[in-house]
Structures are given as structure tokens and as C-alpha cells.
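Dear colleague,

Here is the structure that I promised to pass on to you. Please open it beside this email, and then read on for what was found in it.

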There are 2 protein chains.
Amino acid sequence: MRIGEAAAASGVSAKMIRHYEAIGLVPAAGRRGNEYRDYGDADIHRLRFIRRARDLGFGMDRIRALLRLWSDRDRSNADVKQIALDHVAELEERISAMREMADTLHELAAACDGTGRPDCPILGGLAGTLPASPRAAAKVDARPSRPV
Amino acid sequence: MRIGEAAAASGVSAKMIRHYEAIGLVPAAGRRGNEYRDYGDADIHRLRFIRRARDLGFGMDRIRALLRLWSDRDRSNADVKQIALDHVAELEERISAMREMADTLHELAAACDGTGRPDCPILGGLAGTLPASPRAAAKVDARPSRPV
DNA sequence: GTTGACCTTGCCATGGTGGGAAGGTGCAGA
DNA sequence: TCTGCACCTTCCCACCATGGCAAGGTCAAC
């Protein structure tokens with residue numbers, strides 16, 4: 001399979017397949033005499049694994065660890081579970097930080113009548129009288145880094 | 001005030017103050033004869049505004065818009081509210097995507113006994129038998145981009 | 001005049017991903 | 001055989017917000 005078919009079959013873009021190869025997340029693909037990369041079923045399988053892990057929000061370091069365990073017959077499922085639980089804990093932390101932000105904003109927005117006058121509790125809150133909440137924000141970014 | 005004091009007073013690092021100046025989010029600070037930037041109370045106020053908006057997860061574009069409205073006497077609070085609500089909607093979307101990820105992982109982890117054997121439902125799930133959930137993940141990044 | 005705290009500019013890195021340029025390859029049809 | 005097209009290759013740039021580091025300037029206190 002050439003990279004385009006591999007991309008379609010795995011759900012990982014050709015661009016990212018090359019990138020994963022460059023950072024050593026997947027082994028360098030063989031070339032078919034010409035310069036083209038060549039992929040087999042095992043490669044697709046691995047790429048799909050990565051895709052699913054990405055979909056679950058795992059970062060590259062953890063995916064790397066998971067891949068290592070995946071291809072280790074003598075692995076301990078306790079190790080796998082630990083990685084998953086660590087990641088879940090981080091997810092929960094980010095979720096609650098964002099929950100706090102959203103709640104604060106809901107309150108501010110509710111206090112704003114939106115009638116078109118200059119008077120605005122939201123700006124008021126941002127300008128200084130914010131009810132002293134989200135310190136968690138310093139630890140977590142709530143903006144997306146994977147463009148939609 | 002020099003930049004260090006301004007940073008301490010506003011909660012925005014000196015580095016970021018310079019960056020905000022570079023991207024035009026704050027006006028270029030005056031210099032005091034020497035090369036040092038000089039800040040007054042209004043500057044601190046503005047920086048604190050930015051800091052609070054960042055803490056609520058606003059991205060730079062929205063902060064820029066909020067700042068414009070903030071310093072516009074003839075603003076409409078409907079405009080402000082719209083920006084806030086747009087942002088809240090994005091937050092909620094990301095929260096629910098991450099909620100889905102966390103839930104899926106909770107399930108997988110619960111199915112894994114973690115007794116140390118190679119047998120592992122988590123890897124099984126990643127390897128292909130994942131219960132067909134998080135398509136939302138394609139739209140939202142759950143990893144932090146602001147380092148902790 | 002030396003020390004130390006602070007400032008300056010400028011470059012690099014992060015993490016995943018996409019965009020695009022400039023050029024090579026392979027296959028189908030005229 | 002030539003042409004066109006779809007695909008591939010490598011390489012560089014951009015995002016967003018932030019931190020780190022380096023090499024050098026400035027100022028106040030001792």
C-alpha cells in the first residue's frame with residue numbers, strides 16, 4: 001500500500017504518518033524500489049491504534065509507552081492501566097478547570113441583560129470585580145491546539 | 001513602574017507583557033529616557049483584564065475584541081455577551097468531548113483487572129474493538145498547550 | 001569600581017497538525 | 001511517444017501561548 005491508501009485505511013493523514021515515522025513512533029516504512037513508502041496490514045493496525053489513542057486524548061509520550069506495551073508479550077496489564085489512569089486523571093483535572101471557567105462565564109452572562117446599553121457585568125468582572133475563582137486556570141489551557 | 005513590577009502587579013509575566021506589546025494587544029509602553037519600559041496604573045489595569053480573560057480561557061482574538069469593547073464608551077453589552085456566549089459554547093463542546101474520552105477510558109480501565117498479566121482490555125480497545133464512540137475527538141484537542 | 005538585580009533584544013522549543021512549494025514517479029489515454 | 005493527472009518525495013512555515021537562554025545594557029547600593 002502506498003501512503004495515501006494507508007492514510008485512508010487508518011484514519012491518519014499521510015502528513016502525520018510521515019511525521020510519526022520521523023519521530024520514531026512508527027518504524028520507517030519500506031520503499032518499493034522507487035522512493036514510495038510501502039505499508040502492510042501490520043502498519044495499518046499500528047496506525048489505527050495510534051489514531052484511537054489520539055481520539056482518547058493521549059499525548060505522544062503515553063502513546064509511545066502504550067505501543068511498547070502493546071508489542072510486548074510479557075507486559076503487565078497493571079502498567080497499561082496505570083498509564084490510562086494517569087491520563088484520565090489529567091483529563092478530569094482539565095475538565096473541572098474548564099467547568100469552572102464555563103460556570104463563571106455563565107454567571108457573568110446571566111447578569112448581563114444584553115439590551116445594547118454600554119453597561120456590562122461581564123466587562124466589569126474582567127476589569128476587576130471577578131468573584132475570585134479560577135486559579136486552576138493557571139494550570140490548564142482551555143483553548144484547542146488541534147484545529148477543527 | 002518597570003516591567004518586573006508591572007508583571008508582579010498584574011500577574012502577567014514580563015515575557016508575556018512584551019509579547020502582548022509585540023502583537024499589539026497592549027500599546028507600546030513608554031520608555032523612561034533609558035531603554036526601560038515604563039508602566040502606569042492604566043497599563044496594569046489593562047494587563048489584569050487580559051490575565052483574567054486568559055484565566056477564563058479566552059483566546060487572543062476574543063480578548064482583543066473584548067479590550068476594544070472595554071475601552072469603547074458607546075459599546076453594546078449585547079456584543080460583549082455574544083463573545084462570552086460563543087466562548088462558553090466552545091468550552092462546553094470541549095468539555096463534553098473530554099467527558100466522553102474520560103468515560104470511555106473509565107470503562108476500559110474498569111474492565112482491566114490490573115493483576116499483572118499480559119491480558120488487557122485497554123490495549124484490546126485501542127487495538128480495534130473500541131465501542132465506537134468518540135468522533136467528537138476529531139474536533140477537539142484534549143491535551144494542554146499551556147505547560148503547567 | 002564592583003556586585004547584583006534588573007532590563008533589553010533575539011532566537012529556539014513546545015505539540016500536534018495543516019499548508020504549500022518544488023520536483024520526482026507511474027499510469028492511462030491520444 | 002507525448003501529455004496529463006494523480007500521487008509521491010523532502011523541506012520549510014504557521015498556528016497559540018508560553019518559557020528558556022544568551023549576550024549585552026543600566027542602575028543603585030556598597
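A polar contact, as the term is used below, is a pair of N or O atoms within 3.5 Å; within protein, one of the two must be able to donate a hydrogen and the other to accept it, and residues adjacent in sequence count only if both atoms are side-chain atoms. Please keep in mind that this is a predicted model, in which local features need pLDDT of at least 70 and side-chain atom pairs count only at pLDDT 80 or more, while totals for chains, interfaces and linings use all residues. Residues are numbered from 1 along each chain as its sequence is written, chains are lettered from A and ligands numbered from 1 in the order in which they are written, and side-chain values use heavy atoms, with hydrogens and water left out.

I begin with DNA strand D. A polar side-chain atom of B:Tyr20 lies 2.8 Å from a phosphate oxygen of this strand, and a polar side-chain atom of B:Ser13 is placed 3.2 Å from a phosphate oxygen of DNA strand D. On chain A, a polar backbone atom of A:Ile3 is 3.4 Å from a phosphate oxygen of the strand. Helix H1 (3-10) and H2 of chain A, together with H2 of chain B, each give two or more residues to the surface near DNA strand D, where helices are DSSP runs (H or I, at least four residues) numbered from the N terminus, and a residue is near a strand if one of its heavy atoms lies within 4 Å of it. H2(B) gives the most to this surface, with four residues. In total, 21 residues surround DNA strand D, and the closest are A:Gly4, B:Lys15, B:Tyr36, B:Arg54 and B:Met60. Of the atoms of DNA strand D that come within 4 Å of the protein, sugar and phosphate account for 68%.

Next comes DNA strand C, which is surrounded by 22 residues, the closest being A:Lys15, A:Tyr36, A:Arg54, A:Met60 and B:Gly4. Here sugar and phosphate account for 62% of the atoms of DNA strand C that come within 4 Å of the protein. The side chain of B:Arg37 has an N or O atom 2.9 Å from a phosphate oxygen of DNA strand C, and the side chain of B:Arg31 has one 3.1 Å from a phosphate oxygen of that strand. B:Tyr36, by contrast, has a polar side-chain atom 3.4 Å from a base oxygen of DNA strand C. The largest share of the surface near this strand, four residues, comes from H2(A).

How are the two protein chains related? Chain A can be laid on chain B with an RMSD of 0.0 Å by a turn of 180 degrees and a shift of 0.0 Å along the axis, the copies being superposed by least squares on the C-alpha atoms of residues with pLDDT of at least 70 in both. That is the relation of a two-fold axis. In chain A, the C-alpha nearest the axis belongs to A:Ile95, 2.9 Å from it. The same surface serves both copies, and 100% of the contact residues of chain A recur in chain B, contact meaning heavy atoms within 4.5 Å.

With best wishes
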